[in-house]
Amino acid sequence: MKINGKGMYKTEVLSSNSIQELHQNTIYQEKLEAIEYHFGKIMETLGLNLDNPSLKDTPKRVAKMYINEIFRGLDENNFPKISFFENASGYREMVVVDNIAVHSYCKHHFVPFFGKAAVAYIPKDRVIGLSKINRIVQFYASKPQIQEKLTVEIGQKLKDLLKTDDLAIYIEANHLCIASRGIKDRDSITKTTFFSGKFSKDKEKSRFINSITK
């Protein structure tokens, strides 16, 4: 409460947005503290000395990295704002965005996999700001994933946003769960695809595959 000019108290009413923001900040702090605590325990269990100057802030750094960066896709509030434009020219050919950087973490071992993606669609009534396709790919990659699911999630979301069935997705990636452990095959590349609508037909599928940098 605050004192007004007449010496009387008045109650400040928080808006619903302010209440929601406070709630989100509380959850954020709780997540940070929980991850910091538990990651510190993992380090201690491994025999690492958290009093070491190089290690003492590592749990806090990891917590911030997990929430703010590499796993930000777990929070739907971080989904990018999307802009659309009317397909005023009536364009009905393939639109391709190629060489999109993909950085994600394997759901099975929590180690990175990384590579590139290509996305194609045939517009109907709307087209999307091209950079938004990159942002959508990066959003779905920013959480523990398996590559097959990542490919389908991107395709299904773009179908819904663009109001078209004519979508194609191609992802190729190197997985450190293969390269750095287990079989330790550094040259192995995993490729996944998603085809819908016209791209399910061999002609359009081949046209897409031949148009991208592999």
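Here's a quick tour of the charged and aromatic side-chain contacts in this structure, which is a predicted model.

Let's start with the rings. The model has nine aromatic pairs. One of them joins Phe79 and Tyr140, edge-to-face, with 6.1 Å centre to centre and 65 degrees between the planes. Phe79 sits in the loop between helix H2 (58-70) and E3, while Tyr140 belongs to helix H3 (residues 130-141), so this pair ties together parts that are 61 residues apart in sequence. Both rings are tucked away: Phe79 counts as buried at 19% relative accessibility, which is under the 20% cut-off, and Tyr140 is buried at 8%. Tyr140 also pairs with Phe139: the ring centres are 5.2 Å apart and the planes are at 80 degrees, so that pair is edge-to-face as well. Phe139 is buried too, just like Tyr140.

Elsewhere, ring pairs tie Phe39, Tyr66, Phe71, Tyr105 and Phe110 into a cluster.

Now for the charges. There are six salt bridges in the model, including these:

| Salt bridge | Closest N to O distance |
|---|---|
| Lys143 and Glu153 | 3.3 Å |
| Asp160 and Lys163 | 4.0 Å |
| Arg207 and Glu204 | 3.0 Å |

What does the bridge between Lys143 and Glu153 link? It connects distant parts of the chain, with Lys143 in the loop between H3 and strand E7 (144-145) and Glu153 in helix H4 (residues 147-162), ten residues apart. Lys143 has 12% relative accessibility, so it counts as buried.

The bridge between Asp160 and Lys163 has partners with other labels. Asp160 is partly exposed, with a relative accessible area of 44%, and Lys163 is exposed at 54%. The cut-off for exposed is over 50%, so Lys163 gets that label.

Arg207 and Glu204 both lie in helix H6 (residues 202-211), three residues apart, or about one turn of the helix. Is each partner buried or partly exposed? Glu204 is buried, with a relative accessible area of 15%, whereas Arg207 is partly exposed at 33%. These two don't stand alone, either: Glu93, Glu204 and Arg207 are linked in a network of salt bridges.

Last stop is the surface. Arg92, Lys124, Lys198 and Lys201 form a positive patch there. Arg92 is found in the loop between strand E3 (84-86) and strand E4 (95-106). Its relative accessible area is 43%, so Arg92 is partly exposed. Patch residues need over 30% relative accessible area and no salt bridge, so Arg92 passes the area test with its 43%.

Key. Residues numbered from 1 in each chain as written. Predicted model: local features only at pLDDT ≥ 70, side-chain atom pairs only at ≥ 80, totals over all residues. Heavy atoms only, no water. Patch = residues over 30% accessible without salt bridge, like charges linked within 9 Å, V, L, I, M, F, W, Y side chains within 5 Å. Areas by Shrake-Rupley, 256 points an atom, 1.4 Å probe, with all protein chains shown as cover. Salt bridge = Lys/Arg side-chain N within 4 Å of Asp/Glu carboxyl O. Lys, Arg positive; Asp, Glu negative; His and termini not counted. Charge placed at Lys NZ, Arg CZ, Asp CG, Glu CD. Helix = DSSP H or I, 4+ residues; strand = E, 2+ residues; numbered from the N terminus. Buried < 20%, exposed > 50% of the residue type's maximum accessible area, 1.4 Å probe, protein only. Phe/Tyr/Trp six-rings, centres within 6.5 Å; stacked < 30°, edge-to-face > 60°.
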